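Open your viewer, get your selection tool ready, and let's take a walk through this model together. We will visit cavities, pockets, two helices and a loop residue.

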Amino acid sequence: MALGEMDGAAPEPEDGRSQEPGVATTRSVLESFTESQEVRGLIGNLKGVFGDLVTREMTVEKFLGIMDKYQEQPHLLDRHLEWMMNSLLDIARDKGSPPPLVHLAFKFLYIITKVRGYKLFLPLFPHEVVDLQPVLDLLVDQNPKDSETWETRYMLLLWLSMICLIPFDLARFDGSIISEEGHTRMPTMDRILKIAKCYLVVSDKARDAAAVLVSKFIVRPDVRQKRMADFLDWTLSMLSKSSFQTMEGTVVTNGMLQALAQLFKHGKREDCLPYAATVLECLDNCKLSESNQMVLRKLGMKLVQRLGLTFVKPKVAKWRYQRGCRSLAANLQAQGSVVQNQIIPVAADEAADEEEYDIPGEIENVVEQLLVGLKDKDTIVRWSAAKGIGRITGRLPKELADDVIGSLLDCFSFQETDNAWHGGCLALAELGRRGLLLPSRISDVVPVILKALTYDEKRGACSVGSNVRDAACYVCWAFARAYDPAELIPFINQISSALVITAVFDRDVNCRRAASAAFQENVGRQGTFPHGIDILTAADYFAVGNRVNCYLTISVYIAGFPEYTQPMIDHLVNMKINHWDSVIRELSTKALHNLTPRAPEYMANVVLPRLLPLSVGTDLHSRHGAILACAEITHALCKLAEENNRSVTYYFNEKSLEGLKQIHQELCSRQLYRGLGGELMRPAVCTLIEKLSLSKMPFRGDPIIGGWQWLINDSLRSLPLVSSTARQHIKESAVSALAALCNEYYINEKGEADPALQDELVTQYVSELQNTEEMIRCGFSRALGALPRFLLKGRLQQVLEGLKKVTLISPADVSFAESRRDALIAIAKVCQTVGVKGDGSQEEYVCKDNIAQIYATLLSGVTDYTTDSRGDVGGWVREAAMTSLMEVTLLLAQNEVELINANVCKQIMCWLAQQSAEKIDKFRAHAGSVFLTLLHFDRPPVPHIPHREALERIFPRSEKETLNWNAASEAFPRITQLLGLPAYQYYVLLGLSVSVGGLTETTLRYSAQSLFDYMKKIQHDSSAMERFCETLLKVFEDNLRNDRVSVPLLTMLDQMLANGCYDLFTNQEKFCGLIQFQGDMREKVFFQLFLLLCHPFPVIRKTTASQVYEMLITYSDVVDPAVMDEVMTILSDTNWEAELPVVREKRNCLCDLMKVPKPQLVSKSSA
């Protein structure tokens, strides 16, 4: 809730766009302070570690880590606080402790205080008379400006605030004021006051402790008489001189406000009252409400309420409402019946003692400031003001208190901001909690709270109000504890419905959880909520964490209780289908679909007629939500009618059917498919077309069908014109609508299509596949994939040829990766739609005549490595090709297994093995998943898989689901085992080259390690090594001109050489590794390296010289020791980026020294 009533817990993940960020928090429940012995050891070792910076920091971090675990359950430390404090204070008191050790001890003390809070910690400080002087001396020795030791000063001031409570006159500690040197010593009282004043104007946390010290010290009888007036004069003068416009002024103002607030909190009323009016006047003059410093405004609120409490007598209002029965057990035993109201009577003598007294005029000023504070822009200021309203109202006469409540209710007008609504809710909760909101006022308050529970105000692209709804839940929670069930009976249905709606349908997870907690409190305390326990079980704190689950599952269960059905439906129609967030609008319409069976007549007779005008209205969001809602409700009503063996139009009158037909025509005539609004309208109406088609609406032969077909075609043609974010959604909606429309309205009684319509549709779609716009190709490819079988019959070859052309890469459309992806997906869909028949016609079925062409097209997609400014866009094509290959292969395996060619199956498995060894996690995981699906498919098994038995040993069926291909540490150790299988060796090595020679650190590490492990296994098997070398050489030869493979392959070779795998190949860096092999090889390497020393590019010359230098240090035996120093000097001192003639001279000198033939310049022959 707003006030941390509940701790966070991790909800279930949500699907897709419904995912709410930042929802998941974890909480570990501890049972005791289990690290007490470890902490004892850490404190005991402080004397040994304080001198070494590293050890000291490690000790502090360790202690901090232990303590932080108890932030949520600090009470577990209570039994251990005393011995921890005493152990640390013993170090601080020890005269022999060096200052760094003392600071370290106080740092530990501060860490404990931070976890448990200083208020609970204060009484544990030793407060003997003997402690006063040493603590004062320690404080005097501190440097207030030392930023490293502020914890010491903070803890010493807290300690002093406890010591100064000793019940002796401080003058008795002064003895003779004249010191031995003859100077007058400062009295102890003044010393303490000077220290307090000094630290009230610092910028660190010591200021907070100084304020606590002032509140304890000034209220002492002896200090109050002599110093209180002077101290207040000083604080007020500092306040009036300081400006919150400057940094220094802000610090001083903060200190003064803290000191005054603490002083008026802890001081006796009679002592503070004479000064209260003066302080209030000074505070008014400061105009803190104009400050942009949140903390100053909050402190101003604290001080104002403390002054208000000083003005009025501290008495409990006789008129307040007191609920007698506060036992949960008693409420639950009542089993839903109303527990009798038990008002605790006011004692007779107390009533007789009641006296009327004048309320000071300043109270009006105080209450006014607090009411203004409720509208502050920051939550902590509003919360402080709300608590002030609650405290002061409790001391006012009944009539004045009622005036305050009346003024408070003015916060809840729609002219006010969300801040005012939030502050008002917090104040109402405070008043309710304290029994200051009498039952006579509940009828005014409940309507306001019901509005607050659905408060959502649009601001630009988002909205405000989640904090208001959260606070409204807190009010309901507070009311559950404050009032007797009989008082709330008239409002039970309203409150329960509103809380259920918020718990299930609110956009924000914190509001859903707050409403669930408030509902739970009401069920327990009031016992009158309809079906409370049942609903609470379904919509508990954890269940409402998942928004999709709330909308689509929990809501259906709750709507089964008649008290909640209509309010839930009305809320969705009135508040959610016009919501600013499109995700909520779409979820709401799906929820309406699910709720329709709970109230079909209400949906058909009330909701649908209300939605139809909205679906052609002026507001974009309402129009979008209403169209989707019409679609979902219509579909649900038709399904319900069909299940009950009724006509599909049973629930619809003529007006509703006509209204549904008119939606497209109206939008089209008003040109609402254009522009940004069209990005919402097109998919919405496509969804409407799909749902009406699935509902089998009697529109066959109606002109509206042509209009719908036009919209689908136009949406697919308009894809290049819409924003990239909306493109995919429009495409999917149009394709789904097309499939449903064709299946319902384009098929005749014989199950065939009209030849003219079929010819027009297929020819038109196939012709669009060669459009110059990539997105249009995408849309019509997917549209062809969605066509039903009767439209593809006799046109299959034409469709496959058209899609095949889209998958081909030509110079003009090399970057059209998305269209190639969609074409490959469409080919698989078409194959699944038409089915398999081995000896059938290639115009009607997947058969022996066209299967080779289909596989060739799909296999070509696996080799698409196109890259552009977006990165490896070919990956989308490869992913789609792998999926399509799997779908087609499984289709054949289940129907005509003999159509699967052994060579094709080998190609598929080998390509998948290569993709499973590559560097991009997402594509590797997809390839691995497809590979294992084909391997382990058993209905019936896919034939001709090479080395099936070995593969099943490497990838056991039991690990099919658990193997995480995304994790390089799991995938590569498995996939490298395929290097031992001849059929897969080439392809796995090709994939590994890219991974081992890549840049991603984790992929590189695990792939390289797996490869080296395999190499070690075959190190002594000469035939296996020879096969491996030949395969590696073949990979290199095949990809010599392909930088994607050749560059990482050379990097991989370098690593293999560095790891001592064996003797292999090329380039300046790689040559250096080959120098270790004697004879002809060494001479060739030197010659190649010296050639590179005179390369036309300076960077290559410089890099080569550097590599040769490192090589000679590593392999010093390759050069004659007599010339070694001279060679090294030439390599290091020469500027290899200089002009070529200069560099060539130095290079030739090296050749002479190392007895290597000088490379000769070859003159270019004229053409």
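**Stop 1: the largest cavity**

Begin with helix H21, which gives the most to the lining of the largest cavity, with three residues. Helices here are DSSP runs of H or I with at least four residues, numbered from the N terminus. Before going on, note that this is a predicted model: local features need pLDDT of at least 70, side-chain atom pairs count only at pLDDT 80 or more, and totals for chains, interfaces and linings use all residues. Residues are numbered from 1 along each chain as its sequence is written, and side-chain values use heavy atoms, with hydrogens and water left out.

Now select Val446, Ile449, Leu450, Leu453, Cys476, Phe479, Ile495 and Asn522, which line the largest cavity. A cavity is a set of points, on a 1 Å grid over the protein atoms alone, where a 1.4 Å probe fits but cannot get out, and lining residues have an atom within 4 Å of a point. H21 (439–452) and helix H22 (466–482) each supply at least two of these residues. The volume is about 60 Å³; a volume is the space filled by probe spheres set on the grid points, which are joined across faces, edges and corners. Colour the lining by class and you get seven nonpolar, one polar and no charged residues. The classes take Ala, Val, Leu, Ile, Met, Phe, Trp, Tyr, Cys and Pro as nonpolar, Asp, Glu, Lys and Arg as charged, and the others, Gly among them, as polar.

**Stop 2: the second largest cavity**

How many cavities of 30 Å³ or more does a search of the whole structure find? It finds two. For the second largest, select Leu499, Val500, Ala503, Val504, Ser516, Phe519, Ile535, Leu536, Ala539 and Ile558. Two or more lining residues come from each of helix H24 (492–505), helix H25 (509–525) and helix H26 (532–538). H24 gives the most, with four residues. The space amounts to about 50 Å³, and its lining divides into nine nonpolar, one polar and no charged residues.

**Stop 3: the largest pocket**

Next, select Tyr118, Gln258, Gln262, Lys298 and Lys302, the residues nearest the centre of the largest pocket among the 30 that line it. A pocket, unlike a cavity, is an open set of points with protein on both sides within 12 Å along at least five of seven lines. This one holds about 790 Å³ of space. Elements giving two or more residues to its lining include helix H5 (99–116), helix H12 (247–266) and helix H14 (294–311). By class, the lining has twelve nonpolar, seven polar and eleven charged residues.

**Stop 4: the second largest pocket**

Select Ala92, Val102, Pro134, Leu138 and Asp141, the closest to the centre of the second largest pocket out of its 21 lining residues. Its volume is about 460 Å³. Helix H4 (78–93), H5 and helix H7 (132–141) each supply at least two lining residues, and H7 has the largest share, five residues.

**Stop 5: Phe50**

Phe50 sits in the loop between helix H2 (46–49) and helix H3 (53–68). Is Phe50 buried or exposed? Its relative accessible area is 19%, so Phe50 is buried; the cut-offs are under 20% for buried, over 50% for exposed and partly exposed in between, with a 1.4 Å probe and protein chains only. Leaving aside neighbours within four places in sequence, Phe50 is in contact (heavy atoms within 4.5 Å) with Arg56, Pro98, Pro100, Leu101 and Leu104.

**Stop 6: helix H34**

Select residues 703–717 to see H34, whose 15 residues reach 21 Å from first C-alpha to last, close to the 21 Å expected at 1.5 Å a residue. The expected span is 1.5 Å times one less than the number of residues. Eleven of the 15 residues are buried, so H34 is largely enclosed by the rest of the structure. Among the buried ones are Ile704, Trp708 and Leu711, and the cover includes helix H32 (654–669) and helix H33 (675–694). At the N-terminal end, Asp702 caps H34, with a side-chain oxygen 2.9 Å from the backbone nitrogen of Ile704.

**Stop 7: helix H40**

Finish at residues 817–834, helix H40. H40 is mostly covered, with 14 of its 18 residues buried. Just after H40, look for Gly835, which takes a positive phi of about 85°.

Technical notes: Polar contact = N/O pair within 3.5 Å; in protein donor to acceptor, adjacent residues only side chain to side chain.
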